[in-house]
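Visitor: I would like a close look at one part, please, and I am new to this. Start with the sulfur atoms, and then lead me outward from there.

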Amino acid sequence: MYPCCVGHEIVGRAVRVGSQARDGIAIGDRVGVGPQGYTCRKADCECCSKGQENYCPRRLGTYGDRYPDGSISYGGFADYCRHNSYSVFSIPEGLASEDAAVMLCAGSTVYEPLKEHGAGPETSVGIIGLGGLGHLGLLFAKAMGCPNVVAFSRSTAKQEDALRLGADEYVATVDQKDWAEQHASTLDLILCTVSGPRMPLQEYLGLLRPKGIFCQVGIPEEPLPPLETMSLVLNGTKIAFSDSASPKNIGEMLKMAADKSIKAWTQVRPMQEANKAVEDMGKGNARFRYVLENKDDIA
């Protein structure tokens, strides 16, 4: 869709509030918008009526979509943006804007499956991939009280970062031999934030205890590797996928982040460096999220 203004993790001040906006938003409030620009909220919508708005079949993205009235949704790489009030969230005091922004998509994407699949004091969790999604998965798993959180990456390059983030153990799947055998049947839940046709998916699934859950949250751009299924059947392994989070869970996630002082690893850059930031992301330079900031005061 052209023209298109991207950006789906947005925090700013409310400068106008429509007469039909939901209660709880006032001019001057610090608010945020994630990837959901619109959901139908119809009584006959199975998803919206069950509080699963992030799966609404009529949902629209924060940018690059067309609203029912014909207008186009534009994202946050801008001075201003306009959004449906039901997709706007109040940002709690004590949570920095740069942290809240990256949590509105990446944070919610890891929070909802952690909550849904029972992450807590009796759950051993694996986080595959230590990037924008994975580092937040690690932070929220520890905040939920998980006693054993294991970070997985290809090499040892991010080991120090993982331990600083709170990982109890770090596994480098290329650099360490016999990692799959050493960690077999040790995890209850795995969040996979990466994807690719050559990732060791079969080995990852072998890390799960009986009835363990493997949840894919990184969006695959290519088909996942083929699987030998007999071992999965005999172990009762569950494979799930998850997309962002419901408004209820996004609100809970923001509150937890504020209450437990969860701080994302961000690097704030001026909006004028947007193109360079994208290039640096492609090179893998971010630790772990770039946040673009409009420095000029906007009336």
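Guide: Let's begin with C5. In this predicted model, the cysteine sulfur closest to that of C5 belongs to C4, and the two are 7.2 Å apart, which is too far for a bond. A disulfide needs the two sulfur atoms within 2.5 Å, so the 7.2 Å gap rules this pair out. C146 has no disulfide either, for its nearest cysteine sulfur, in C215, is 14 Å away. Overall, the structure has zero disulfides. Are these two cysteines buried or exposed? C5 has 17% relative accessibility and counts as buried. C146 is buried as well, with a relative accessible area of 2%. The dividing value here is 20%, and anything under it is called buried.

Now let's step out to the strands. Look for β1, β2 and β5: these three strands make an open sheet in the order β1-β2-β5, and they pair in the antiparallel sense. The edges belong to β1 (10-13) and β5 (88-90); each has a single partner strand, so one side of each has no neighbour in the sheet. On average, neighbouring strands here are turned by 35° against each other, ignoring direction. To see the pairing up close, follow β1 and β2 (residues 30-33), which run antiparallel and are joined by four bridges. One residue to find is I10, whose bridge partner in β2 is V33. Across β1, β2 and β5 lies helix α2 (residues 97-116), running at about 135° to β1.

There is another sheet to visit. Six strands form an open sheet in the order β8-β7-β6-β9-β10-β11, and here the pairing is parallel. At its edges stand β8 (169-172) and β11 (238-241), each with a single partner strand, so each has one side without a neighbour in the sheet. From one strand to the next, the twist averages 20°. Helix α2 appears here again: the helix packs on this sheet, touching β6 (124-128), β9 and β10, and its direction makes about 160° with that of β9. Among the pairings, β9 (residues 187-192) and β10 (residues 208-216) run parallel and share five bridges. If you find C192, you can look across to its bridge partner in β10, Q216.

While you are at this sheet, pause on strand β6, where you will find S124. S124 is buried, with a relative accessible area of 9%. Which residues does S124 touch, leaving aside its neighbours within four places in sequence? S124 is in contact with N148, T186, L187, D188, L189 and R209.

For a contrast, turn to V233 in helix α7 (residues 230-235). V233 is exposed, with a relative accessible area of 60%. V233 and P220 are 13 residues apart in sequence, and their C-alpha atoms are 24 Å apart in space.

Next come the rings. The structure holds six aromatic pairs. One of them joins Y38 and Y67, which meet edge-to-face, with 6.3 Å from centre to centre and 80° between the planes. Y38 belongs to strand β3 (residues 36-38), while Y67 is in the loop between β4 (60-61) and β5, so the pair ties together parts that are 29 residues apart in sequence. Both Y38 and Y67 are buried.

F152 and W179 give you another pair to compare. Their ring centres are 6.3 Å apart and their planes are at 65°, so this pair counts as edge-to-face. The cut-off for that name is an angle over 60 degrees. F152 lies in strand β7 (residues 148-153) and W179 lies in helix α5 (residues 179-182), so parts 27 residues apart in sequence are tied together. F152 and W179 are both buried. Add Y204, and you have one aromatic cluster made of F152, W179 and Y204.

Last, look for charges above rings. The charged end of R41 sits over the ring of Y86, 3.8 Å from the ring's centre. Likewise, R269 lies over the face of Y290, at 4.7 Å from the ring centre.

Terms used: Residues numbered from 1 in each chain as written. Predicted model: local features only at pLDDT ≥ 70, side-chain atom pairs only at ≥ 80, totals over all residues. Heavy atoms only, no water. Pairing = 2+ DSSP bridges. Helix = DSSP H or I, 4+ residues; strand = E, 2+ residues; numbered from the N terminus. Axes fitted to C-alpha atoms, helices over the stretch in contact; angles between N-to-C directions. Contact = heavy atoms within 4.5 Å. Buried < 20%, exposed > 50% of the residue type's maximum accessible area, 1.4 Å probe, protein only. Phe/Tyr/Trp six-rings, centres within 6.5 Å; stacked < 30°, edge-to-face > 60°. Lys NZ or Arg CZ within 6 Å of the ring centre and 35° of its normal.
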